[in-house]
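Here's a quick briefing to read alongside the model. Have the sequence and the 3D view open as you go.

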Amino acid sequence: MMLCRSTKTVRVQELIAVMMALGSLLGCNSAPSKPVNTASGAAQTVVAATNSAGPDIDLNCVAQHIQSPPESFHYSFSDVSDNAWEEDAEITPQNIDGRFVNKFLPNPQEFHGPPKQVSSNLMAIGRMASIFSTVHTTSAVVNQGREQKNGYDTVKYSIDTARGNSTEQRLFKTVFGPGGFEKGYVWVTSQGCPVQITLDEEIHGKDGNSIGKAHYEEAMIRKQ
């Protein structure tokens, strides 16, 4: 199958991804110290947030499903913030038909081809790596029970940094600033794949004032 993007376009997209990653770092230079989120890097290791009552929350599982699809599904990701990014794709084991938009490329950028060749266009979920590494094994993540979601058997988790104990609150204050937070929900399969994420983030400066907000959504919808 012939790709609908030239090598030049691929390189441009990779350059944009690097620019976005650097932009995330530079754009938060007045915020408390926080791990850098990236919009690219298929090989990036993403720390899983775990809960003893259920499976891990493993962003790597999503990346692996995109790179080597075991089945057909619709995939979407959005980051609504000052550094906005949106992805949408129909994925099969043989092919990906997708698009992305961002603040630098506001017009839809379409791509088509085998997963191994074009999956790097769908790696913006790596932006959430620092979120899940921060709440990893903390009381911010609570098992809400089993639920059917997007055609999958899942465990639903709620995430709210306000639930942290005194030690965890010190960590959250360092990462998100005084009054900053993470709050939302995630549905994961027994393999830890998040098939639905809805999460809000707010970063505060040392004075407690909000200096950055983001709303994340991700979905994997199984095709019947």
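Which residue caps the N-terminal end of α2? That's Asp58, with a side-chain oxygen 3.0 Å from the backbone nitrogen of Asn60. Bear in mind that this is a predicted model. The rest of the briefing starts with the whole chain, then goes back to that cap and on to a run of paired strands.

**The whole chain**

- The protein has 224 residues, and 48% of them count as buried.
- Its secondary structure adds up to five helices and nine strands.
- Reading from the N terminus, you get α-α-β-β-β-β-α-α-β-β-α-β-β-β.
- Take the contacts with a separation of 6 or more: 57% of them come from residues 24 or more positions apart.
- The accessible surface is about 10,700 Å², and carbon and sulfur atoms hold 53% of that.

**Asp58 and helix α2**

- Asp58 sits in the loop between α1 (7-27) and α2 (59-67).
- Does Asp58 count as buried or exposed? Asp58 is buried, and yet it has no salt bridge.
- The nearest side chain of opposite charge belongs to Lys116, and that's 16 Å away. For scale, a salt bridge here needs a side-chain nitrogen of Lys or Arg within 4 Å of a carboxyl oxygen of Asp or Glu, so Lys116 doesn't make one with Asp58.
- What the Asp58 side chain does have is the backbone nitrogen of Asn60, 3.0 Å from one of its polar atoms.
- The helix that Asp58 caps is mostly covered, with eight of the nine residues of α2 buried.
- The buried residues in α2 include Leu59, Cys61, Val62, Ala63 and Ile66. Asn60, His65 and Gln67 are buried in α2 too.

**Strands β5, β6 and β7**

- Strand β6 covers residues 152-160, and eight of its nine residues are buried.
- On one side of the pairing list is β5 (residues 141-149), which pairs with β6 in the antiparallel sense over eight bridges.
- Want a spot to check that pairing? Asn143 stands opposite Tyr157 in β6.
- The hairpin of β5 and β6 has two residues between the strands, and Asn150 takes a positive phi near 55° there.
- β6 also pairs with β7 (residues 181-188), again in the antiparallel sense, over six bridges.
- For this second pairing, look at Asp160, whose bridge partner in β7 is Lys183.
- When you look at the side chains, remember that in a regular strand they alternate between the two faces of the sheet.

Key: Residues are numbered from 1 along each chain as its sequence is written. This is a predicted model: local features need pLDDT of at least 70, side-chain atom pairs count only at pLDDT 80 or more; totals for chains, interfaces and linings use all residues. Side-chain values use heavy atoms; hydrogens and water are left out. Helices (H or I, at least four residues) and strands (E, at least two) are DSSP runs, numbered from the N terminus. Buried means under 20% relative accessible area, exposed over 50%, partly exposed in between (1.4 Å probe, protein chains only). Contact means heavy atoms within 4.5 Å. Accessible areas come from the Shrake-Rupley method with a 1.4 Å probe; for residues, only the protein chains shown count as cover. Two strands pair if DSSP finds at least two bridges between them. Lys and Arg count as positive and Asp and Glu as negative; His and the chain ends are not counted. A polar contact is a pair of N or O atoms within 3.5 Å; within protein, one must be able to donate a hydrogen and the other to accept it, and residues adjacent in sequence count only if both atoms are side-chain atoms.
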